[in-house]
Structure formats: structure tokens, C-alpha cells
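This report looks at how a protein surface meets a DNA strand and at how two helices pack against each other. Please keep the sequence and the structure in view while reading.

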Number of protein chains: 2
Amino acid sequence: MKDGPDLARIANLVGDPARANMLTALMTGTALTASELALEAGIGLPTASSHLTKLLEGGLLSVASEGRHRYYRLAGPQVAGMLEAIMGVAATLGPQRVRPGPREATMREARVCYDHLAGEHAVKMLDSFLARKLLVRDGKEIRLGKDGASHFAAIGIDVEVPGKSRRPVCRDCLDWSVRRSHLAGTLGAAILDKILAEKWARREKDSRVVTFSPKGKQEFARVFLG
Amino acid sequence: MKDGPDLARIANLVGDPARANMLTALMTGTALTASELALEAGIGLPTASSHLTKLLEGGLLSVASEGRHRYYRLAGPQVAGMLEAIMGVAATLGPQRVRPGPREATMREARVCYDHLAGEHAVKMLDSFLARKLLVRDGKEIRLGKDGASHFAAIGIDVEVPGKSRRPVCRDCLDWSVRRSHLAGTLGAAILDKILAEKWARREKDSRVVTFSPKGKQEFARVFLG
DNA sequence: TTCATTGTTCGACCTCCATCGAAGCATTGT
DNA sequence: ACAATGCTTCGATGGAGGTCGAACAATGAA
């Protein structure tokens, strides 16, 4: 009767509306303070604090104390992936989706997933990388292709791995909107950094949405879609 | 504040221990009756019935009435995939795993995931298929390679797709124990059928565990690992 | 019909937990 | 030192929902 890992324990953590809102907010990848998360979830500070300790003890979040602030973030990409998986089921199952809404459309196009880009653009980008053999699949893993490192270096993406970090350079992450993979890992994160640094796109405030400027979209296509 | 699909609603469904046990039991892919599920979850019939209607309305289960029995099953492979994703987080996060236990070891080696094989053997098998180009990745999709259909037909796996079914022939599914992909879809299901039909392995009663006989393991390696 | 099996519905109980106000700590700034 | 900010802890409240017994409905068998 007790097969495998404890589903209920961690699903229950996600199952509360307030906590779910917090986790969704943290899907942006940015670390947020307790008060910001309380505002996001629409609850008081004491309640938020209580939820946060539960998520912390549950292992879904990590925290960094800095001065009198405490910055909460998702415990890792794996947690983000699980949340996307649940969103995927909720999205296809949810007949109570009253209206797609404009917000929804922009989310499907481009959004932040933890620390990398997700959505249609991101899926196309990974497809292009694989087609050009800059990246190659190896089982579930994705690795740099023969010319991968030099190519990414040439376009200003620092792909060197210090060897210390456990985090893989490339990883794939299932997209809840497109139902295909996009690129995660340090490479995915570096690419998002570059896009924002070059101001090809900007993040909408308090949202996962990423909106490209017309010119930015061109540049993105030129540089990343080959 | 309300970004994307409704996480909490469906996570909450999985978050109750009784419901989680039911869902875990249904990960075997077999349809079970309400009383079987009540026994599995360790609760009374009325309680089970209440949970089942919730899971049904929530869209995680489907039901088929047959005589005075009502057979419940997971709503689809997508739900199974989500459950495995949550298990993955629970497994790596769960420090309260007191002891791995023998049950755990056999689960890692080979188990049923909804309707196909999962675990180390299954991961190796997919690796082999990809290496021999019987299957090829295409983005997130997995498709039959050039010689794929004929090869599988030769070893007695009927891979023809009636065209009617929406279900993909090949799909990958993330393995919570090995953290790599294994083969799902109709092909994955057909292969599991074959393994059981040939009696190379048998299912443990009321469990996801699949145990290979020594001879069966040899045959499995010969036929599927090339 | 009569009985047995299987499931659902109803009602009542009871536990759990999300919530907030107020107080307590810690850190920073003046 | 004193005040202000950010957050946690404590205590009390209230509501949601999981639980089961009993009654009811539906099917199948004797």
C-alpha cells in the first residue's frame, strides 16, 4: 500500500491556494521576500511566514538571509519542472478556463521558467540548436555538440562550466503550453540573461511574461535561430 | 497574481493521503473498483466513494460502469506522467526515507508506469533503441526510425497505428528513480504486453513491481537490447 | 421474491489547519 | 539609545473537509 515516495506530503504542500500562488510567483526564478510573497498570495504576513516555513521544511524552497531580509527561492530546477508538469495537467484538464485572455497568449509566447526562457520562442530555439547540432541529445541528457562551445562563445554566451557546479549545462524542461521541451540548465539561464541584457525583451512586472520588442525579436531570431 | 493554470486545485486533489494512495495504486494502469481502492487506501467505502467522485470531477480519473462494478482508472498517460514527476521530487527530497528496503530496490529495477515498463531496464531499452536508430528524437517527440517499424514487426511487436487513435506511438516519460527517460506510448505498452505474455517477467500482486526470471532477463536483453 | 454484493448519499462528528491580531526578536538607521 | 523595518512566534478563532455508521439504490444470483 505504501509504494514509492510520499506523493501526498509534497502534493499537499502545493495544494493550498496561498502556497500555490507563492510558488507560481517564484517560478520567475527571482528570489522574493516574505512580505512580497504575502502580497502576491493575498494573505497577511504571519500566515505567509507560516506557509514559508512549511515549504522550507518540505524542501520545496530555500532561503538566504541577507541583512534584515530573507530571500526565498525555489529549491531547484527540479521543483520548477514538477510545477510545470502539474500546470500542464491543470491546463489541459481545466474546462473551467473561462477565457484564454490576452495574458494567456503572451504567456504561451514567451515567459520565464525559473531562470530560463519558456514558451514558443524557447521551444523553437532548442529545436534549432538540435538541428544545427550545437546541442545533441544523449538519452534524457542534452550535451554540447562538437562546435557548440565555440559557437556560443562567439555570440557572447559564456558556457564554461567551473566543474564545481553540479548543475548541468543543458537540461530540457517540459513546456506546459506547447507540450514540447525547451532548454534549461546553465546554458538556458545564460541565454535568458543575454536576451534581457541586450534589451531584446523585457520582463513584465510581477509576472512571468517576457515581451520582445519588434527589433528584439529580429535579433533573437538572427542570433539564436540561425 | 493569478498566472497560468490553477495549480492548487489539482495539487490539492493529489495532496490527500487517501487519494494519493489510490492514485499510486492506479499507476499500475489496471482499472480498480471502489472497494479495491478503499482497501488500498485503508479507508471505508463511503469515504472512498467521496474521494473518487472528487478525483472524477477533478478530471484525474475516468470510470467505466460494468454491471454492478465501477472500474476506475487514471484519466490518461499525462496524469501518470505528472504523478511520476511529483514522485521524483518527493524521492530526491525525502530525507525521511527511513530505509530503502528491498521493495524499493526492485521498484528501481523494473516496475509498471501506467501501462508501460519503467525502471533501469526500461531506460536501458530506450537508450538501445535510440542508439540503433530504431527510434529517433525529434524535439520532444520520439518517432520511429527508418527501420523501426519493420524491426519491431519482426520481433512480434505490432506497431501499426490505426490512425484513429490520438495517442502517440512513442513518448518519453521521466523516470523518478533513474531520472532519465523511458519509453511510453502505444509502443511502450505493446512491449510490456509482450514481456508479460512471453512470461519473461511477472507482476507482483497489488504492486507496481515487475520481476524478471533469470531466463526472462536474458531473453529481454537479447530481443530488446540488441 | 428474497437475499447478497457493490456503491452512493446523508448526517453527524471531529480533527486539522489557514487565518489574523498582538507581542517578541533581530537588524538597520539616525 | 531609540526608533523603524522585516519577519517570526504565540494564541485564539473559525471554517473546511475527511471520516464513518446507517440508510438507500442498483445489480446479480438463488
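**Helix packing in chain A**

A crossing of two helices is called right-handed if the near helix is turned clockwise from the far one by less than a right angle, and left-handed if it is turned anticlockwise. In this predicted model, the crossing of α2(A) and α3(A) is right-handed. The axes of α2(A) and α3(A), the latter spanning residues 34-41, are 8 Å apart and make an angle of about 115°.

On the side of α2(A), the contact is made by Ala18(A), Asn21(A), Met22(A), Ala25(A) and Leu26(A), while α3(A) contributes Leu37(A), Glu40(A) and Ala41(A). By class, the residues of this contact divide into 6 nonpolar, 1 polar and 1 charged.

**The surface near DNA strand C**

Both chains take part in the surface near DNA strand C: at least two residues each are supplied by α2 (17-26) and α4 (45-58) of chain A, and by α3 (34-41), α4 (45-58) and β2 (69-74) of chain B. The largest share, 4 residues, comes from α4(A).

Of the 20 residues around the strand, those that come nearest are His51(A), Lys54(A), Ser35(B), Ser49(B) and Tyr72(B). The residues of this surface comprise 6 nonpolar, 8 polar and 6 charged.

**Contacts with the backbone of the strand**

Among the atoms of DNA strand C within 4 Å of the protein, 74% belong to sugar or phosphate, and the rest belong to bases.

Phosphate oxygens of DNA strand C are approached from both chains: one is 2.6 Å from a side-chain N or O atom of His51(A), and one lies 2.7 Å from a polar side-chain atom of Tyr72(B). For Gly44(A), a polar backbone atom is 2.9 Å from a phosphate oxygen of the strand.

Methods
Residues are numbered from 1 along each chain as its sequence is written. Chains are lettered from A and ligands numbered from 1 in the order in which they are written. This is a predicted model: local features need pLDDT of at least 70, side-chain atom pairs count only at pLDDT 80 or more; totals for chains, interfaces and linings use all residues. Side-chain values use heavy atoms; hydrogens and water are left out. A residue is near a molecule or strand if one of its heavy atoms lies within 4 Å of it. A polar contact is a pair of N or O atoms within 3.5 Å; within protein, one must be able to donate a hydrogen and the other to accept it, and residues adjacent in sequence count only if both atoms are side-chain atoms. Ala, Val, Leu, Ile, Met, Phe, Trp, Tyr, Cys and Pro count as nonpolar, Asp, Glu, Lys and Arg as charged, and the others, Gly among them, as polar. Axes are lines fitted to C-alpha atoms, for helices over the stretch in contact, and angles run from 0 to 180 degrees between N-to-C directions. Contact means heavy atoms within 4.5 Å.
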